[in-house]
Amino acid sequence: MELIYGIHNLREKHRSCVATIGAFDGIHLGHRALLDQVTAYAKKMNLPSTVIVFEPLPREYFAPKQSPARLTSFRERHMQLLSCGVDRVLLIHFTQAVSQMSALEFIQRVFVDGLGVRQIVVGDDLRFGHDRQGDFGLLRDVGALNGFGVSQSDTFLLEGERVSSTRIRKLLEQSDFTTAERLLGRPYTICGKVVVGRQLGRTLGAPTANLELHRLKTALSGVYAVNVMLASGKVMQGVANVGTRPTVDDSIKAILEVHVLDFSGDLYGSLLEVTFLEKIRDEQRFANLDELKTQIHQDIAWVHNFFNVAVS
């Protein structure tokens, strides 16, 4: 799959395609149904498929503190799009200039002049352009004048209820990982590269791998029993903390720390995939490091029991 960074990097070879546009946060079953339509059109028309996404998401750009929690980082979104059989991803950096583009200007610059689209497939709630003035009707009208078709993907329902990123965020906040998995079509995971942290876990007898979340907010907060897939593909069990570590850090930036049970080795620089299974407790502030150490070892014992693994 080709990743195109910005409208300015569109070339003649990228013209004539089937395209869609959206946030695609989480790549849930509703997104996959829309992407299936895109790839089906592409196959029928013998054209490449192109997905247009923004980074940051427009809501994060306009109101970072009030924006919804991210389900996926760009890396995770990119990998999920790859698994859906998409040929190209056009990543548009959302800036002040992009936010000021009228819907008509956006259509002209991106869909007509840039991609030379032959068919566009959009969700039923699509809004784009300055003041969110662009929608399915405008795309259809412009398409009639410029020779491209526009189709709308119906709301995707599962057991009579709409599948949406908003609904999945609420399920994760409630630690309902079973229902979230049904809506996503896969277990909820967070992927990230292990970075050097403060190495406090080692002094507390529980070394952790620190993963950068690459998002302003996360839908999870607290301590969880998890599965951890190492770069080798081996899956191990662990305990994870998602939060700001109030006992040892004054930062407002959330991080993901994972203690892999019965593991010894160097994980720095490697890519881990963490699957969340069960919430143990909320994150909390402790009076001192001794209290934190005691709680950490209680959490590890809880996870050993959860996985029915004997404490070594």
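Chat about a predicted model

Me: Val 117: buried or exposed?
Reply: Val 117 counts as buried, because its relative accessibility is 5% and the cut-off for buried is under 20%. Keep in mind that this is a predicted model.

Me: Where is Val 117 found?
Reply: Val 117 is in the loop between helix 5 (103–114) and strand 5 (119–123).

Me: And what does Val 117 touch, leaving out residues up to four places away in sequence?
Reply: With those left out, Val 117 touches Cys 17, Ala 19, Phe 111 and Phe 148.

Me: What separates the C-alpha atoms of Val 117 and Arg 186?
Reply: A distance of 31 Å lies between those two C-alpha atoms, and the two residues are 69 residues apart along the chain.

Me: Back to helix 5. At what angle do the axes of helix 5 and helix 6 cross?
Reply: The axes of helix 5 and helix 6 (residues 136–146) cross at roughly 50 degrees and come within 11 Å. The two helices are therefore oblique to each other. Helix 5 passes helix 6 in a right-handed crossing.

Me: Which residues make the contact?
Reply: Helix 5 contributes Ala 103, Leu 104, Ile 107, Phe 111 and Val 112. From helix 6 come Leu 138, Leu 139, Val 142 and Asn 146. Phe 111 also turned up above, as one of the residues that Val 117 touches.

Me: New topic, sheets. In what order do the strands of the open sheet run?
Reply: The order is 1-4-3-2-5-6, which makes six strands, and the pairing is parallel. Strand 1 (2–5) and strand 6 (149–153) are at the edges; each has a single partner strand, so one side of each has no neighbour in the sheet. From one strand to the next, the twist averages 25 degrees.

Me: How many bridges join strand 3 and strand 4?
Reply: Six bridges, in the parallel sense, between strand 3 (residues 49–55) and strand 4 (residues 88–93). Phe 54 stands opposite Ile 92 in strand 4.

Me: What does helix 3 touch on the sheet?
Reply: Helix 3 (residues 74–83) packs on the sheet and touches strand 1, strand 3 and strand 4. Its direction makes about 170 degrees with that of strand 3.

Me: And the barrel, in what order do its strands run?
Reply: The closed barrel has six strands in the order 9-10-13-12-11-14, with antiparallel pairing. Its twist averages 45 degrees from one strand to the next. Strand 9 (residues 189–195) and strand 10 (residues 209–211) pair over two bridges, and Val 195 has Asn 210 in strand 10 as its bridge partner.

Me: Helix 8 next. Which of its residues are buried?
Reply: Phe 177, Thr 179, Ala 180, Leu 183 and Leu 184 are the buried residues of helix 8 (residues 177–184). Seen down the helix axis, they fall within an arc of 160 degrees, so they line one face of the helix.

Me: What covers them?
Reply: The cover includes helix 1 (29–45), strand 7 (157–158), helix 7 (165–173), strand 11 (222–229) and strand 14 (271–281). In helix 7, Arg 167, Ile 168, Leu 171 and Leu 172 meet the buried residues of helix 8.

Me: How do helix 7 and helix 8 cross?
Reply: Their axes come within 8 Å and cross at roughly 155 degrees. Helix 7 and helix 8 are therefore roughly antiparallel to each other, and the crossing is left-handed.

Me: What comes just after helix 8?
Reply: Gly 185, which takes a positive phi of about 80 degrees.

Terms used:
Residues are numbered from 1 along each chain as its sequence is written. This is a predicted model: local features need pLDDT of at least 70, side-chain atom pairs count only at pLDDT 80 or more; totals for chains, interfaces and linings use all residues. Side-chain values use heavy atoms; hydrogens and water are left out. Two strands pair if DSSP finds at least two bridges between them. Helices (H or I, at least four residues) and strands (E, at least two) are DSSP runs, numbered from the N terminus. Axes are lines fitted to C-alpha atoms, for helices over the stretch in contact, and angles run from 0 to 180 degrees between N-to-C directions. Contact means heavy atoms within 4.5 Å. Buried means under 20% relative accessible area, exposed over 50%, partly exposed in between (1.4 Å probe, protein chains only). The arc is that of the directions from the helix axis to the C-beta atoms. Angles under 35 degrees count as roughly parallel, over 145 as roughly antiparallel, 65 to 115 as roughly perpendicular and the rest as oblique. A crossing is left-handed if the near helix is turned anticlockwise from the far one by less than a right angle, and right-handed if clockwise.
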